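Please walk me through this protein chain, beginning with its overall make-up and then turning to one strand and one serine.

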Amino acid sequence: MVELDKSISFDGRDIRLKVGLLAPQAGGSVLIQSGDTAVLVTATRSESREGIDFLPLLVDYEERLYAAGRIPGGFLRREGRPPEKVTLTSRLIDRPLRPLFPSWLRDDIQIVATTLSMDEQVPPDVLAVTGASIAVMQAQIPFYGPMAAVRVGLLGDDFIINPTYREIESGDLDLVVAGSPYGVIMVEAGANQLPEQDIIEAIDFGYEAVQDLISAQQEMLTELGIDITVVEPQEDDSALAQFVRENATNPIKQVLSKFDLDKNYRDKALEEIEQNTLTAIEHLPEEDSVRVSIAEGKDLAKTFKKLTKELMRRQIVEEGVRVDGRTLDQVRPVSCRVGILPRRVHGCALFNRGLTQVMSTVTLGTPGDAQTLDDLNPEEEKRYLHHYNFPPFSVGETKPMRSPGRREIGHGALAERALVPVLPPQEEFPYVIRVVSEVLSSNGSTSMGSVCGSTLSLMDAGVPISKPVSGAAMGLIKEGDEVRILTDIQGIEDFLGDMDFKVAGTDDGITALQMDMKITGLSMDIVAKAIEQAKPARIHILEKMLAVLEQPSQNMSPFAPRLLIIKVDPDLIGLIIGPGGKTIKSITEQTGAKVDIEDDGSITVSAVEAERAQRAVKMIQGLTRKLNEGDVYAGRVTRIIPIGAFVELLPGKEGMIHISQLADYRVGKVEDEVAVGDEVVVKVREVDNKGRINLTRLGIHPDEAAAARAAAT
């Protein structure tokens, strides 16, 4: 294996490419490194399996915690089920890679990217995307590459390439751009309500950097003596294709021009045309070439789908009319409702756009409900969780329901990213927030439907978001030089179109983007036009949402926990917890409140009933309050021993009155003066060096006693 080492620099940030060093039995492999972050990416190809009518591409991103010098948690102490970030990175690699394989390829292809070292400064995800392109071409798999990706950040007014984690966190933009020699092929971004023009400039800035990485790969291929030529198969002019075109074109056109048909009726009508075509073939003589081709395994469904796709696209390009009669920039009818579930659900909204229906719910939790992260990302926990579910009944199908797949995780993460910029800071709203978006009916753009529904559900729950967020999915039909951008695409336009470009944001600017292509790339002019065309659609949808709920509710659900936050000296945390957790357990048992303690001394007390939380706070304050000699308190006797009585001065804090301090005369028995449960006024005589509190009933002025009784009530 020939070893080759190449470096490329962006503003002093180097990316180093090494091939021929590791994984010699893989079809292709590269070690791609920036700083001390290094990712091994391999590509392996196997022969196609019989009966496969799609590209069986498998992309796996693997994190090893040894890369950051850490040992995994859990009982087994080894990596287990992939964290959400790992799944999202696998998708990030897959999405720009898949469109660049030729449509006829049916071989099994597996890409494995493994992070071997990480400096917790340079994110490995974009390195893995570029590495995948190099590995594929080194394996000499048919591929319309090279392809590369970079991350773009925004610090102040300046764009930077491949920012560090800290720069991403402190900036207003986290944008990943992937491109090929043919144009931009994938965009994913989170932004702090940036104007459309800033986003367009950032994508253009990133695509320029991508060109440098593509050039480096081309040079590397030349040095390795690799030349990948993709030969496209000839246009299908078989007897079957001609028969389907002659017999099905007019019926398909009629269905596509019946704008009053909804998705289900349209699908059934197309299925009926396909079945009629098959029936017509079966009535042909056995020796007819069309019937023979079916007998030999020619795929009628594939031929029929190809014709349907062609006719739908031609109708849009030539007539400017879509299958539901809308113009290219028209949004489907929108309707919204809030509060449709009983109030044990803390917030709820139902969002409808055409036949797409999403119900989003909000649950407010305490700091202890935050999700702990055990991956290579420097972030240790998440306080906002957005989960997306896509049950089979939403598209009228039946299939087993399993744990969330990559698509569900990806759509949830996109909606989460869209809403994070408008959430209140933790200091103002300390709740952990979980939003669940249930897709109840799907006909395109469910991820943006979940953004809209979740915005309303957050407002319904009383979460003080700074701005409402809406979203729309843009599509594309490209035939030669003819380009048509579609607003608010539905299922058939996504399935048979060339692009799915999701744009979410407020009326001030964009908060999230995600663009996926089915073609080999788009010019910046088309990308810019799609972003600009999305804005009036977003604003239109936002107006429909605000007509239902104009601002966040001022009243939270009575079933949502009430939070009280206090701050104590961190040195007193052990006192609050008590030996073996005894003290804090006693507080929760007595009050029914939940207590979450942070290392910095921040304590969050929560309970559905505010009175319970307040009582727990008083007990904690009592434990941590410093008592001074001469302070006077009204307390209750909790127990009696032969030499004195114990009095609870504050919740959780007791002192003892020695028998000699019970009265100004000699007391024979403690029980002669006090009984358990009696209220007594006492003065702090002494706090000894072990923290024990000695009390007295002597020398207390009547005014001091009255003030103590008033404070106790």
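The paragraphs below go from the whole chain to a strand with its partners, and then to a single side chain.

The model is predicted. Its chain has 713 residues, and 53% of them are buried. The secondary structure consists of 16 helices and 29 strands. Along the principal axes, the C-alpha atoms fill a box of roughly 125 × 60 × 50 Å. Among contacts with a separation of 6 or more, 69% are between residues 24 or more positions apart.

The surface and the charges can be described in a few numbers. About 33500 Å² of the chain is exposed, with carbon and sulfur atoms supplying 48% of that area. Negative side chains number 108 and positive ones 77, and the centres of the two sets lie 6 Å apart.

Strand β9 covers residues 173–180, and eight of its eight residues are buried. The cover applies to both faces of the strand. On one side are Leu 173, Leu 175, Val 177 and Gly 179, and on the other are Asp 174, Val 176, Ala 178 and Ser 180.

Which strands pair with β9? One is β7, residues 148–155, which pairs with β9 in the antiparallel sense over six bridges. Within this pairing, Gly 153 has Asp 174 of β9 as its bridge partner. Another is β10, residues 183–194, whose pairing with β9 is also antiparallel and runs over eight bridges. Here Val 176 has Glu 188 of β10 as its bridge partner. Asp 174 and Val 176 both belong to the buried set on the one side of β9. The connection from β9 to β10 is a hairpin through two residues.

The next stop is a helix. Ser 454 is located in helix α10, which spans residues 446–460. Is Ser 454 buried or exposed? Its relative accessibility is 0%, so Ser 454 counts as buried, the cut-off for buried being under 20%.

The side chain of Ser 454 has polar partners. The backbone oxygen of Ser 450 is reached by this side chain at 2.6 Å. The side chain of Ser 454 also makes a polar contact, at 3.0 Å, with the side chain of Ser 360. Leaving aside residues up to four places away in sequence, Ser 454 touches Ser 360, His 386, Leu 419, Val 435 and Ser 437. Ser 360 is thus named twice, as a residue touched by Ser 454 and as its side-chain polar partner.

How values were computed. Residues are numbered from 1 along each chain as its sequence is written. This is a predicted model: local features need pLDDT of at least 70, side-chain atom pairs count only at pLDDT 80 or more; totals for chains, interfaces and linings use all residues. Side-chain values use heavy atoms; hydrogens and water are left out. Helices (H or I, at least four residues) and strands (E, at least two) are DSSP runs, numbered from the N terminus. Buried means under 20% relative accessible area, exposed over 50%, partly exposed in between (1.4 Å probe, protein chains only). Contact means heavy atoms within 4.5 Å. Accessible areas come from the Shrake-Rupley method with a 1.4 Å probe; for residues, only the protein chains shown count as cover. Lys and Arg count as positive and Asp and Glu as negative; His and the chain ends are not counted. The place of a charge is taken as NZ of Lys, CZ of Arg, CG of Asp or CD of Glu. A polar contact is a pair of N or O atoms within 3.5 Å; within protein, one must be able to donate a hydrogen and the other to accept it, and residues adjacent in sequence count only if both atoms are side-chain atoms. Two strands pair if DSSP finds at least two bridges between them.
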